Amino acid sequence: MLVIGLISGTSVDGIDTALVEISGTVESPQVQLLAGETYPYSPRLRETILQVCGGEKLDLEALASLDDNIAAEFAQAALNIQKEAPKAQLIGSHGQTVFHRPPANDRLGYTVQLGRGAAIAKITRIPTISNFRAADIAQAGHGAPLVPKIDAYLLSHPTKARCVQNIGGIGNLTYLPPRQRENWQQKIFGWDTGPGNVLIDLAVQFLSQGQQTYDHNGQWSAQGQPCSELVHKWLQEPYFQQYPPKSTGRELFSPAYLAQLREDAQAYCLSDADWLASLTDLTAISIAHSYQTFLPEMPAEVLLCGGGARNAYLRQRLLAHLGSNVKLLTTDEVGLNSDFKEAIAFALLAYWRWHNFPGNLPQVTGAKAAVLLGEIYL
Ligand SMILES: Nc1ncnc2c1ncn2[C@@H]1O[C@H](COP(=O)(O)OP(=O)(O)OP(=O)(O)O)[C@@H](O)[C@H]1O
Ligand SMILES: CC(=O)N[C@H]1[C@@H]2OC[C@@H](O2)[C@@H](O)[C@@H]1O[C@H](C)C(=O)O
């Protein structure tokens, strides 16, 4: 089956689009990436989305327009990716997260992904599945991360324990025990580790007065020295200490949060590069701390994906904190494209929904049951 996966993540940089061929069976799928493209948002649309993510008030008329502008761009991405290729039979569209509230003791979570599937189906004339997180949230789950079940099917190893670490805007991990271990599927874990690139990106934009949006290959931060005292103070953030299941977003790791980290640094007389190195080190140590605190064992291999895998300084700090017993690779090195992994995941989640196969892992999201994910628009 030819399926298109679409997602714009928490970096809000554009629409990751994957055209994949899914063969095999529902419980043993084989996935081949035929084409992958990122279609950047226009600067104006990106700015509006970031303002909404930042809590800016929007009346319902403006919300409706934004929802349909995003849907139109997602539909166009789906049309573009198959210009040279045969027509896809199904689209799985994650949409654009603009709000995410994890569940609390006495209330369900709430999450909003814009770019309504009905409009994408109408424009493309291809059945579209969207709103993947809602059913898990209705089961008292976080609705995130959803990728761990995909990782289990595509990236688990017969004899080695692996972690898959996405470093997007937000970071998330999947822990995969060796497949030969008894009941290995029940021992899979996953959660959001905290900031991926979000704090680094916000800091680079602040320091460059909007001229740069990210620290290319980590070159700027590599010129500085992390301030260990500050990084350890920042690591006391309650989210890093919170026991999984857990999920987070730009609501917590926001421009206001970064402003506080800027203020904290004033007492240490750091250069811009030192502050950036400290934020990069915080990102790395928060990931490693998460492993060391919450996993049953350290993995033999960590497979990186997402744009942060290209940040050489971040990788170096991550390796330093994980320890030399852990081998750091990218998912590309084991055969899965690291830039389009999330888009591929939503193609496969759509395929599973189409075949009535549950997509969530309750032990990861905290949901009361495994459920079918996504709403189908024919
Ligand atoms: N060459 C590079 N050097 C350093 N950082 C990079 C590089 N390329 C991409 N990035 C970082 O990766 C980010 C984009 O990553 P990605 O597309 O994986 O995020 P996302 O999918 O939007 O987020 P999420 O996974 O949280 O939904 C950019 O904002 C930038 O910070
Ligand atoms: C609410 C939301 O959009 N969460 C994203 C975000 O980006 C990374 C991390 O936080 C992850 O939990 C999730 O996305 C991936 C695709 C997931 O659900 O697995």
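Helix α2 (residues 60-81) packs against helix α3 (residues 117-124) at an angle of about 40°, and their axes lie 9 Å apart; here helices (H or I, at least four residues) and strands (E, at least two) are DSSP runs numbered from the N terminus, while axes are lines fitted to C-alpha atoms, for helices over the stretch in contact, with angles running from 0 to 180 degrees between N-to-C directions. The two helices α2 and α3 are therefore oblique to each other, given that angles under 35 degrees count as roughly parallel, over 145 as roughly antiparallel, 65 to 115 as roughly perpendicular and the rest as oblique. The crossing of α2 and α3 is right-handed, a term used if the near helix is turned clockwise from the far one by less than a right angle, whereas an anticlockwise turn is left-handed. On the α2 side the contact (heavy atoms within 4.5 Å) is made by residues including Asp68, Phe74 and Leu79, and on the α3 side by Ala119, Ile120, Ile123 and Thr124. By class, this contact of α2 with α3 has nine nonpolar, one polar and one charged residues, where Ala, Val, Leu, Ile, Met, Phe, Trp, Tyr, Cys and Pro count as nonpolar, Asp, Glu, Lys and Arg as charged, and the others, Gly among them, as polar.

The structure is a predicted model, in which local features need pLDDT of at least 70 and side-chain atom pairs count only at pLDDT 80 or more, while totals for chains, interfaces and linings use all residues. Residues are numbered from 1 along each chain as its sequence is written, chains are lettered from A and ligands numbered from 1 in the order in which they are written, and side-chain values use heavy atoms, with hydrogens and water left out.

A second helix pair, α10 (residues 272-294) and α11 (residues 312-322), packs at an angle of about 40° with axes 8 Å apart, which makes α10 oblique to α11. The crossing of α10 past α11 is right-handed, and the residues that meet include Ile285, Ile287 and Tyr291 in α10 and Leu314, Leu318 and His321 in α11. The contact of α10 with α11 divides into 10 nonpolar, four polar and two charged residues. Helices α5 (residues 147-155) and α12 (residues 341-354), by contrast, cross at roughly 95°, with axes that come within 10 Å, and α5 is therefore roughly perpendicular to α12.

Around ligand 1 there are 20 residues, of which Thr10, Gly169, Asp201, Asn217 and Gly307 come nearest, a residue being near if one of its heavy atoms lies within 4 Å. Among the polar contacts (pairs of N or O atoms within 3.5 Å), a nitrogen atom of ligand 1 is 2.7 Å from a polar backbone atom of Asn217, and an oxygen atom of ligand 1 is 2.8 Å from a polar backbone atom of Gly169. Ligand 2 has 16 residues around it; one of its oxygen atoms is 2.6 Å from an N or O atom in the side chain of Thr97, and a polar side-chain atom of Asp192 lies 2.6 Å from an oxygen atom of ligand 2.

Most residues other than glycine have a negative phi, and most peptide bonds are trans. A cis peptide bond nevertheless joins Ala144 and Pro145, with omega about -10°, and Pro145 is placed in the loop between α4 (134-138) and α5. Another cis peptide bond joins Pro244 and Pro245, with omega about 0°.

Note on methods. A polar contact is a pair of N or O atoms within 3.5 Å; within protein, one must be able to donate a hydrogen and the other to accept it, and residues adjacent in sequence count only if both atoms are side-chain atoms.
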